[in-house]
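Welcome! Please open your viewer and keep the selection tool at hand, as we will walk from stop to stop together.

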Amino acid sequence: MYQLKQQLPDLYRQQMTAILQEDAAAFFASYEQPRTYGLRVHPDKWVLHDTARQQALQQFGLAPVAWCSEGYTYLDQARPGRHPYHAAGLYYIQEPSAMSAVALLDPQPGETILDLAAAPGGKSTQIAGRMQGKGLLVSNEIHRERARILAGNVERMGMANVVVVNADPDSLATRFPEVFDRIMLDAPCSGEGMFRKDPDAIDEWSPDHVQMCAARQWDIVQAAVRMLKPGGTIAYSTCTFNEQENEQLIARWIQAYPQFRVIKTERIWPHLHTGEGHFVAVLRLEEPLQHIAAASSTLSCVPAPSSKQQKGKASKHNGDSRARQEAEAAYRAFQEWAQVNLTQWTPGPGEAILYGEELYWLPHPINNANLKLSPDFLSGLRVPRPGLHLAHMRKNRVEPAHALALSLQSAACVNSVWELPSGSNQVKAYLRGETITAEPGEETACCKGWTLVTTDGLPLGWGKVSDGILKNHYPKGLRTP
C-alpha cells in the first residue's frame, strides 16, 4: 500500500511539481500514508436516535470532518459498512473531501435541485438530507446500471423527495430548461484524487486522458447551464488535481458565459487536509442567458417525446386517464392500509403514480412555475425511481415497500414494532432473510400483522407477525450471506 509513490507516472509527477512547487515533496509524501476513511450521517436519524448515535461514535471511533457538519472519519478496522446501522440508512460511506462540494452548494429545504452526474449517490443523499424532505431533488445518472445503484442508495438512506432519472445531459436540458435553483455537477474526471484509494486508477492516467476528461466536462457544463434559473448556483467539483479540469475549465466557463460569477473555489489537498483531495467551484448565474431566455417556456408546454423517441425507454407509465384512475385507486387502497398500520405518515406535495404493480409517490416541486412534474411529463424518460416507493399492489392486498420503511424516521410512525438490538444474533438473522421467533419473555403482544422491524430504534424493514413469529420481508436482493 505504501509503495504508491514509486508507481506514479513521471508526467504526473511533473504536472504536480509545476502546480505545487515547494509543496510538491509533501504532496508526494502523502502517498506513503494510509488513506482516509469517512462516513456521512443522515441528519434527522442521527439526531432522533440517541442510542444508535452513541454506539456509532464509540464503536467506529468517529471524528468530525471540519468542512461538513454531517461528516466523520472512522477507524479503518471499524468496518461500518457491515453494521446493521448501514442497512438502516443511518449513514453513507463517503470519502471526507467529497463531502465538501454539497456543503459549498448549500442546498435549502423547499428548493428544486438537480444532481446531474449523481451515481453512486453520495452527493444526492447529502443534498436530500439537507433539504429535510422539502422540495424536489432530481438525481440523474447517464449509465443505466449506475443509475440503479444510485436509486438503491437513495432508497437505503430513506430519501422521500428524490426522483432518479437515467438520461444524457443534453436530453435532460431539453426537458428541464431554466428549472433548478441549484445544480450539483460532480463531473467525471481523471481521478487523480483516487490514486491512494484505487491504485488501478494510476494505470488509467495519461495527459491524453486528462484532455479527454476536460472535453467531456465542458460538454456537460454546456448542458448544465441551460437548466439553471437566473440567480441560481452551480457547484462544479472533481476529485482530480490538474488545472486543465479545474481552474482552466472554470476560466473557459466564464469566458463563454459571462453572465456567471465565481462565488468561491476550494481545493482539498491530501498533504494538508484529512481527505484524498477535491476541487470545488461555486458559480452563480447573475442574469438570464439570452439563448435560453428566447427558447424557454414552462415545462407543461414541452411536447412529449414521439413514439420513435420513446423506443427503448424504461418508463412503463401511460399518462392517459385510465392510468391515472388506476393510480388513484391503488393509492386509496394504500391509504386504507396506512390507516391501520401507520400513525404519523403524511406525504409531501405530490401525486400517486403506478408503474405496473408498483405504487410510488411522485414529489412535486414547491413554488416553481417552470416545472409541472407529472406522470405525463415523465413519459419517455428512463426513471429508475419515480419518487418514494410506497407499496407492491398485489391482487386484493397491499404489501408495503422496503423504501417506505426506511423513509420512516422512527418507530413512532407505526402501530406495530419488533425491535432487534444491533448486536444481537436476531438482527443478523433478519438481514439474512430468516424467520424470527420471539425469545422467551420477549414483549411481542403488541406485534401483529405488518410490523416495522427496528434496530436500536432505527427502522430496518418490514415483517409480518403471527403467534410470536416474524415472517421476514427484507428484500431478497439486499440479504447478507
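Which residue stands opposite Val162 in E7? Select Leu137 and you have found the partner. Before going on, please keep in mind that this is a predicted model.

**Stop 1: around strand E7**

Stay with Val162 and extend the selection to residues 162-165, which make up strand E7. Strand E7 is covered on both faces: Val162 and Val164 are buried on one side, and Val163 and Val165 are buried on the other. That fits a general pattern: in a regular strand, side chains alternate between the two faces of the sheet. Now add E6, which runs parallel to E7 and is joined to it by 4 bridges.

**Stop 2: from E6 to E5**

Next, select residues 136-140 for strand E6 and residues 112-115 for strand E5. These two strands also pair in the parallel sense, over 4 bridges. Look for Asp115, which stands opposite Ser139 in E6.

**Stop 3: the whole sheet**

Zoom out to take in 8 strands, which form an open sheet with mixed pairing. Trace them in the order E10-E11-E9-E8-E5-E6-E7-E14. Strand E10 (260-268) and strand E14 (385-386) are at the edges; each has a single partner strand, so one side of each has no neighbour in the sheet.

**Stop 4: a cis peptide bond**

Go to the loop between E5 and helix H8 (122-131), where you will find Pro120. The peptide bond leading from Ala119 to Pro120 is cis, with omega near 5°.

**Stop 5: a charged patch**

Select Asp198, Asp200, Asp203 and Glu204 to see a patch of negative charge on the surface. Asp198 sits in the loop between strand E8 (180-186) and helix H11 (200-204). With a relative accessible area of 32%, Asp198 is partly exposed.

**Stop 6: two positive phi angles**

Now pick Gln21, in the loop between helix H2 (10-20) and helix H3 (24-29). Its phi is near 55°, a positive value in a residue other than glycine. Gln21 counts as exposed, at 54% relative accessibility.

Then move to Asn396, in the loop between strand E15 (388-394) and strand E16 (397-400). Here phi is near 65°, again positive in a residue other than glycine. Asn396 is exposed, with a relative accessible area of 83%.

**Last stop: Val453**

Finish in strand E19 (residues 449-455), where Val453 is found. Is Val453 buried or exposed? Val453 is buried, with a relative accessible area of 0%. Add Leu470, 17 residues apart from Val453 along the chain: their C-alpha atoms are separated by 9.3 Å.

Terms used:
Residues numbered from 1 in each chain as written. Predicted model: local features only at pLDDT ≥ 70, side-chain atom pairs only at ≥ 80, totals over all residues. Heavy atoms only, no water. Patch = residues over 30% accessible without salt bridge, like charges linked within 9 Å, V, L, I, M, F, W, Y side chains within 5 Å. Areas by Shrake-Rupley, 256 points an atom, 1.4 Å probe, with all protein chains shown as cover. Salt bridge = Lys/Arg side-chain N within 4 Å of Asp/Glu carboxyl O. Lys, Arg positive; Asp, Glu negative; His and termini not counted. Charge placed at Lys NZ, Arg CZ, Asp CG, Glu CD. Buried < 20%, exposed > 50% of the residue type's maximum accessible area, 1.4 Å probe, protein only. Pairing = 2+ DSSP bridges.
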